[in-house]
Amino acid sequence: MIKRQKISILVPAYNEEANVRRAHEAIVDMFRSLPEYDREIIFTDNHSTDRTFEILSEIASEDPSVRVIRFSRNIGYQRSLLVAYKAATGDCSVQIDCDLQDPPHLIPGMIDLWLRGHQVVYGIRRTLTDGWLTTHIRRAFYWCINALSEDDLPLNAGEFRLVDRCILDELRKVDDTSPYLRGLISAMGFSQVGFEYDRQARVAGESKFPFRAMLSLAVDGILNHSLTPLRLASMASLVMGAATLLLLFGYLVGKLLFGQDWPAGFATTTMLLLLSITLNAIFLGIMGEYVGRIFMQSKHRPAPIIEASINNDEHRRPTPAMPDWRRGDVAADNKRR
C-alpha cells in the first residue's frame, strides 16, 4: 500500500479576524484539486488582541486538520514562522500569508515542481500592490541584501515558498533569536527553483507589516548574511588611521626640520576630534549589532512559549523524508525551464 503524502500549510496570523476564516476556506478549496494528498493547516497566532484566536478555535473544532499555536506574546513574524516550520509534520510545507496576497491556487504548481525533485520552490514577486515608494524600497532592499550577502539569495522573493521535509528537518535544528528565514533556507542549498507571480491586493484588514518592521527585517537580513558592514568599518578605520598618521607626520616634519611656527590649530583639532567621535560612534553601533546578537544567542533563551495549542498531538512525529522514487530528474527539468 502506497503511503499518502501530506502537505503542511503554514499561516502566521496577527489580528487577522477579518481574514482567518477566508484563508481557511481558500486553502480547503485549493485542496479539492489535490485529492491524493492529506493536508495539515497550521495557524500561528502572535497573541492577537482581536477575535483571531477565537475564530481559529472555532475553525479547529470544525476541521481536525487545522492546528493552532498561540504564543504568549507577539514574538515577531519570522520567529512565529520558524515555530510553524518546526511544528510541520508533512512531507513538505508551504508558507502563505493570512491575507491571501500570495494566491493559494498557485500551490498545486509548486507541488508539481517539488515532485520533479526541487527541495525548495519559491515565489518571485513580479508585481507588488504596495505604493510606488514602498515597492521601490522593497526592490532596493532585495538588490542590496543580494549584493552584500555571501549567500546566493533570490531577488524579489518573499516567504511564499514550498520546502521539502529535508529542509524542515534542518530548520528543527535552528536556534536563532532573530532568524531571517528566506535567507536561511536559501543558504541551505539543495535544489531550489523560483517562479514568477503577481501578488494580489489585500481584501480585508490592514497590513501588520509597517515600515518599521520592514526596516527591522532588512537589518536582520543584512546582519545575518553578511560581514560587509564590519569590513567597511575596518577599512574606514584603516583609511582614517593612515590619514591621521600622515597628518601627524607632516606636522612633526614641519616643526622639527623646517622650524615652522604654526599657531595652535583649534579649528582643525576640533574638526578632527568631532570626525573621530562620529566615526567611532557609527562603527561601534555596527559592532554593537553583532555583539548584541552574540549576546542574545549566548543567553540560550527558551523557545517561544506556546500559550495554547489545538489539535496538536505531542506524540505526533514527522513523516520520513521524501522517498527517492518521487524525486525527478532535476537536470532535465532545469533544461526544460
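**Close-up views of a predicted model**

**Figure 1. Ser186 and its surroundings in helix α7.** A polar atom of the Ser186 side chain lies 2.8 Å from the backbone oxygen of Arg182. The model shown here and in the following views is predicted. Ser186 belongs to helix α7, which spans residues 181-187. The relative accessibility of Ser186 is 9%, and the residue therefore counts as buried, the cut-off for this class being under 20%. Beyond its neighbours within four places in sequence, Ser186 is in contact with Asp152, Leu153, Pro154, Arg161 and Gln192.

**Figure 2. Ser93 in strand β4.** Ser93 is found in strand β4, formed by residues 92-95. With a relative accessible area of 0%, Ser93 is buried. Apart from neighbours within four places in sequence, the residues in contact with Ser93 are Ser8, Leu10, Tyr85, Ala88, Arg161, Leu162, Val163 and Leu168. Arg161 is thus a residue to locate in this view as well as in the view of Ser186, since it is in contact with both Ser93 and Ser186.

**Figure 3. Strand β4 and its two partner strands.** Strand β1, made up of residues 5-13, pairs with β4 in the parallel sense over 4 bridges. Within this pairing, Val94 of β4 stands opposite Ile9. Strand β6, residues 157-164, runs antiparallel to β4 and is joined to it by 3 bridges. Here Leu162 of β6 is the bridge partner of Val94. In a regular strand, side chains alternate between the two faces of the sheet. In β4, Cys92 and Val94 lie on one side and Ser93 and Gln95 on the other; these residues are all buried, and both faces of the strand are covered.

**Figure 4. Glu40 in strand β2.** Glu40 lies in strand β2, which comprises residues 37-45. Glu40 counts as buried, at 2% relative accessibility. The side chain of Glu40 makes a polar contact of 2.6 Å with the side chain of Arg67. Although Glu40 and Ser8 are 32 residues apart along the chain, their C-alpha atoms are separated by 4.6 Å. Ser8 is also among the residues in contact with Ser93.

**Figure 5. Packing of helices α1 and α2.** Two packed helices are described by the angle and the distance between their axes. Helix α1 (residues 20-31) and helix α2 (residues 52-62) have axes that come within 9 Å and cross at roughly 30°. Angles under 35 degrees count as roughly parallel, and α1 and α2 are therefore roughly parallel to each other. On the α1 side, the residues that meet α2 are Val20, Arg21 and His24. Their counterparts in α2 are Thr52, Ile55, Leu56, Glu58, Ile59 and Glu62.

**Figure 6. Enclosure of helix α3.** Helix α3 extends over residues 77-87, and 8 of its 11 residues are buried, so the helix is largely enclosed by the rest of the structure. The buried residues in α3 are Gln78, Ser80, Leu81, Leu82, Val83, Ala84, Tyr85 and Ala87. One of these, Tyr85, is in contact with Ser93 of strand β4.

**Figure 7. The whole chain, for orientation.** The protein chain contains 11 helices and 8 strands. Of its 337 residues, 42% are buried. Among contacts with a separation of 6 or more, 82% are made by residues 24 or more positions apart. The accessible surface of the chain comes to about 18,000 Å², and carbon and sulfur atoms account for 62% of it.

Conventions. Residues are numbered from 1 along each chain as its sequence is written. This is a predicted model: local features need pLDDT of at least 70, side-chain atom pairs count only at pLDDT 80 or more; totals for chains, interfaces and linings use all residues. Side-chain values use heavy atoms; hydrogens and water are left out. Buried means under 20% relative accessible area, exposed over 50%, partly exposed in between (1.4 Å probe, protein chains only). Contact means heavy atoms within 4.5 Å. Two strands pair if DSSP finds at least two bridges between them. Accessible areas come from the Shrake-Rupley method with a 1.4 Å probe; for residues, only the protein chains shown count as cover. A polar contact is a pair of N or O atoms within 3.5 Å; within protein, one must be able to donate a hydrogen and the other to accept it, and residues adjacent in sequence count only if both atoms are side-chain atoms. Axes are lines fitted to C-alpha atoms, for helices over the stretch in contact, and angles run from 0 to 180 degrees between N-to-C directions. Angles under 35 degrees count as roughly parallel, over 145 as roughly antiparallel, 65 to 115 as roughly perpendicular and the rest as oblique.
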